[in-house]
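Reader: I'd like to practise reading aromatic pairs and a chain interface. Can you walk me through it?

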Amino acid sequence: MSTSKPQFVYVTYISTTPEKLWNALTDGELTKQYWVRHRNASDWKPGSPWRHEDYDNPKLVDIAGQVLESAPPRRLVLTWANPSDLADPAKVSRVTFEIEPVKDIVRLTVTHEELESESAMLKGITMGWPIVLSSLKTFLETGTAIPMTTTREGWH
Amino acid sequence: MDANPVFKALADATRRKLLDRLRASNGQTLGELCEPLDMSRQAATKHLVILENAGLVVAVWRGREKLHYLNPVPIHEIYERWIGKFERQRLRALHDLKKQLEDPS
């Protein structure tokens with residue numbers, strides 16, 4: 001494991017349970033609701049591949065990688081890259097989801113590290129994570145996600 | 001989450017400056033943050049606690065170093081509350097126009 005300094009740390013408190021939050025991150029039927037109609041697809045076992053693909057056209061894969069650690073419902077670590085960049089270690093970043101119960105709610109921490117500086121991926125995630133995470137929170141708390149995240153068209 | 005702590009934290013020029021500094025360079029230590037601001041560590045700590053309690057700054061321990069990160073998620077939640085789906089593009093266009101007109105270069 002690298003000891004590099006994380007580049008982004010996002011935290012959101014969600015009124016839900018760790019199990020429901022884990023499912024919302026790993027079940028494609030749920031990710032499509034708040035993650036711009038994309039499916040996060042994998043068996044979520046350490047060493048397995050994962051894909052962030054268009055729900056209606058799974059051949060369109062925007063992000064892909066490997067599951068590095070998987071401890072449901074508390075911790076998930078993934079590598080993260082454009083599918084065409086997976087062979088280039090400089091372009092593969094790492095995302096860690098940590099789920100901790102705090103009193104009656106759950107704290108979700110998303111850490112994104114080893115991003116290539118000045119890259120399109122860096123730009124994209126800087127804009128993307130706050131939107132996706134606040135939509136995830138709204139979806140879990142109200143049953144309906146933020147409109148701009150429910151369709152591909154809404155995003156732009 | 002209650003939005004009051006977020007607004008209270010943002011209603012202070014020094015704290016907004018600290019957030020600007022984290023946006024420019026994420027993951028700074030207390031020392032790195034106060035040095036160019038000519039601020040005592042004690043004063044900076046007080047402001048950072050308020051920012052952390054509002055969820056605008058997240059602290060991560062790396063060995064013995066405490067690193068501070070800008071967490072824009074609560075600000076996005078405020079944005080979503082008042083900005084509708086159809087206003088978004090018009091607001092972005094206006095913002096881009098303003099930036100372009102105000103940029104002296």
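**Rings first, then the interface**

Author: Let's start with one ring. Phe139(A) has a relative accessible area of 11%, so this residue is buried. Keep in mind that this is a predicted model.

Reader: Which ring does Phe139(A) pair with, and is the pair stacked or not?

Author: To read a ring pair, look at the centre distance and then the angle between planes; under 30 degrees counts as stacked. Here the partner is Tyr34(A), and with 5.9 Å from centre to centre and 25° between the planes, the pair is stacked.

Reader: Where in the chain do the two partners sit?

Author: Tyr34(A) belongs to helix 2 (residues 28-34) of chain A and Phe139(A) to helix 3 (residues 120-142) of chain A. They are 105 residues apart, so the pair links distant parts of the chain.

Reader: Is Tyr34(A) buried or exposed?

Author: Buried: its relative accessible area is 0%. Trp35(A) is buried too.

Reader: How many aromatic pairs turn up in the whole structure?

Author: Searching all chains gives eight aromatic pairs. Take Tyr34(A) and Trp35(A): their ring centres are 6.0 Å apart and their planes meet at 35°, so this pair is tilted.

Reader: Which residues do the ring pairs link into a cluster?

Author: The cluster holds Tyr34(A), Trp35(A), Trp44(A), Trp50(A), Trp80(A), Phe97(A), Trp129(A) and Phe139(A).

Reader: On to the interface. How is the size of an interface often given?

Author: Often as the accessible area lost when the parts come together. For chain A and chain B that comes to about 1800 Å², with 61% of it on carbon and sulfur atoms.

Reader: Which residues of chain A lose the most area to chain B?

Author: Those are Lys5(A), Val9(A) and Met148(A), which together make up 28% of what that side buries. If you'd rather go by contacts, 21 residues of chain A touch 18 residues of chain B.

Reader: How many salt bridges and polar contacts should I look for between the chains?

Author: The rule finds zero salt bridges across the interface of chain A and chain B. For polar contact, the count is two residue pairs, both at pLDDT 80 or more.

Reader: Which elements of chain A give two or more residues to the side touching chain B?

Author: Strand 1 (8-14) and helix 3 of chain A. Strand 1 gives the most, with six residues. By type, the residues on that side of chain A split into twelve nonpolar, six polar and three charged.

Conventions
Residues are numbered from 1 along each chain as its sequence is written. Chains are lettered from A and ligands numbered from 1 in the order in which they are written. This is a predicted model: local features need pLDDT of at least 70, side-chain atom pairs count only at pLDDT 80 or more; totals for chains, interfaces and linings use all residues. Side-chain values use heavy atoms; hydrogens and water are left out. Rings of Phe, Tyr and Trp (its six-membered ring) pair if their centres lie within 6.5 Å; planes under 30 degrees apart count as stacked, over 60 as edge-to-face and the rest as tilted. Buried means under 20% relative accessible area, exposed over 50%, partly exposed in between (1.4 Å probe, protein chains only). Helices (H or I, at least four residues) and strands (E, at least two) are DSSP runs, numbered from the N terminus. Contact means heavy atoms within 4.5 Å. Buried area is the accessible area (1.4 Å probe) that two parts lose on being put together, summed over both. A salt bridge is a side-chain nitrogen of Lys or Arg within 4 Å of a carboxyl oxygen of Asp or Glu. A polar contact is a pair of N or O atoms within 3.5 Å; within protein, one must be able to donate a hydrogen and the other to accept it, and residues adjacent in sequence count only if both atoms are side-chain atoms. Ala, Val, Leu, Ile, Met, Phe, Trp, Tyr, Cys and Pro count as nonpolar, Asp, Glu, Lys and Arg as charged, and the others, Gly among them, as polar.
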